[in-house]
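The exercises below are meant to be worked through with the sequence and the 3D view side by side. Please try each task before reading its solution.

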Amino acid sequence: MAYIISDKLLIVLITISTLFFHTDAFSLEDMPGSADHSKIKRIAGTSIVAYAQADYGDHELITGYEKRKAATVVKEGKQTRLIYALKEGQTGLFALRNYQEAFAELGEVKELYTCRGRNCPRELGNKFVWAKDKRFKSSIKSLDKMYQISVYSKDPIYWSGEIVSDTATYAVAFYSASAAHRSANDKKLAQEEGLYIGQRFVHLDIIEKSSFKSDLIVVEASKIQESIAEKGHIALYGLFFDTGKDQLTEKSKPALTEIAKALESDKNLNVYVVGHTDNVGSIQSNQTLSKRRATSIIKSLSSEFGIKVERLIPLGVGLAAPVATNDTEEGRSLNRRVELVKR
């Protein structure tokens, strides 16, 4: 028996077939301005939906989980944060195994912690991975909603570890979960954004660890003036003191010279010289030491470079205003600084 199919019905059947069998029905493009990490390539078919990069940042990695309490460690260095949308059919375990191969090719791998499903901390997604203070720019609006309640993310898988290559050490956190679209509105939004129902994402946080370098230790006079004019202050790292002392060492001469040039070229510029310390020692001792160091800098600028003392006022805030974690030497190095603040 022969059947005649109308043109309109044929079009409907082709459309339905495309939706069910063509996995790229809602194809995604990479977020504008994003890029893969230079050493760790993406899984074929995936798309970048969130991206952030910083020359120096920190990230909290989970190292253990016992009695409903997670142990963590903070790593610092050059930071790359990526979120990939996987193709339909690519599982979290598939993604992890692919990245583990890439990690092994990069260097020697040391696993810190891993978990899957119910073995993971219940609030893994919305506390350690995508909490409000950990979010960064994304091209997917529904991504944030996914983590508002921990059960919104399904089938979580997490891995953290370190990779030692010939040139650097990398701290890496991998997290993947699928979106639990529970309502018709959720499903509609997912489709509008180019996602498949139950979309699975991969979060990749990479810290490239290197020793804190004094690239910006000696700041030129013009840069000092420029920063103070634009921001009202500048942080300086080229002023050195022995531990617990307030006398400048000989290595401080280049930085003092540039500060003096900046002040000499702008006679109307008056500043607070503000000392900062790390958190080693008591609050009181650090506050006292930071002011003594600020005073010592002013004395040197006056006696060696002829800068009038009345243009400079010493302040010491000790450990009260860190710019990095004090849990690592790199962070403590950043916190031990002197700032010039416009009066």
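**Exercise 1. Locate the partners of a salt bridge, and say how buried or exposed each one is.**

Solution. The side chains of arginine 336 and aspartate 278 meet in a salt bridge, at 2.7 Å from N to O; the term stands for a side-chain nitrogen of Lys or Arg within 4 Å of a carboxyl oxygen of Asp or Glu. The model is a predicted one, in which local features need pLDDT of at least 70 and side-chain atom pairs count only at pLDDT 80 or more, while totals for chains, interfaces and linings use all residues. Residues are numbered from 1 along each chain as its sequence is written, and side-chain values use heavy atoms, with hydrogens and water left out.

Next, place the two residues in the chain. Arginine 336 lies in the loop between helix 9 (329-335) and strand 10, and aspartate 278 in the loop between strand 8 (271-276) and helix 8 (283-305), so that the pair links distant parts of the chain, 58 residues apart. Helices (H or I, at least four residues) and strands (E, at least two) are DSSP runs, numbered from the N terminus.

Then compare the accessibilities, where buried means under 20% relative accessible area, exposed over 50%, and partly exposed in between (1.4 Å probe, protein chains only). Aspartate 278 is buried because its relative accessible area is 8%, whereas arginine 336, with 34%, is partly exposed.

**Exercise 2. Which residues are joined with Arg42 into one network by salt bridges that share partners?**

Solution. Start from the pair of arginine 42 and aspartate 36, whose closest N and O atoms are 3.1 Å apart. Arginine 42 is partly exposed, with a relative accessible area of 25%, and aspartate 36 is also partly exposed, with 27%. Extending from there through shared partners, the network consists of Asp30, Asp36 and Arg42. In total, the structure holds ten salt bridges.

**Exercise 3. Is histidine 37 buried or exposed, and what surrounds its side chain?**

Solution. Histidine 37 sits in the loop between helix 1 (7-21) and strand 1. Its relative accessibility is 6%, and therefore histidine 37 counts as buried. Leaving aside residues up to four places away in sequence, histidine 37 touches Thr80, Leu82, Tyr170, Ile206 and Glu208, contact being taken as heavy atoms within 4.5 Å. A polar atom of the histidine 37 side chain also lies 3.0 Å from the backbone nitrogen of lysine 39.

**Exercise 4. In what order do the six strands of the open sheet lie, and what packs on the sheet?**

Solution. The strand order is 1-2-6-5-4-3, with antiparallel pairing; two strands pair if DSSP finds at least two bridges between them. Strand 1 and strand 3 are the edge strands, each pairing on one side only. Within the sheet, eight bridges join strand 2 to strand 6, and glutamine 79 has isoleucine 207 in strand 6 as its bridge partner. Helix 2 (residues 92-106) packs on the sheet, touching strand 2, strand 3, strand 4 (153-164), strand 5 and strand 6.

**Exercise 5. Follow the side chains along strand 7 (residues 233-236).**

Solution. Ile234 and Leu236 point to one face and are buried, while His233 and Ala235 point to the other face and are not. This fits a general rule, since in a regular strand the side chains alternate between the two faces of the sheet. Strand 7 pairs with strand 10 (residues 337-342) in the antiparallel sense over four bridges, and histidine 233 stands opposite valine 341 in strand 10.

Conventions. Axes fitted to C-alpha atoms, helices over the stretch in contact; angles between N-to-C directions. Polar contact = N/O pair within 3.5 Å; in protein donor to acceptor, adjacent residues only side chain to side chain.
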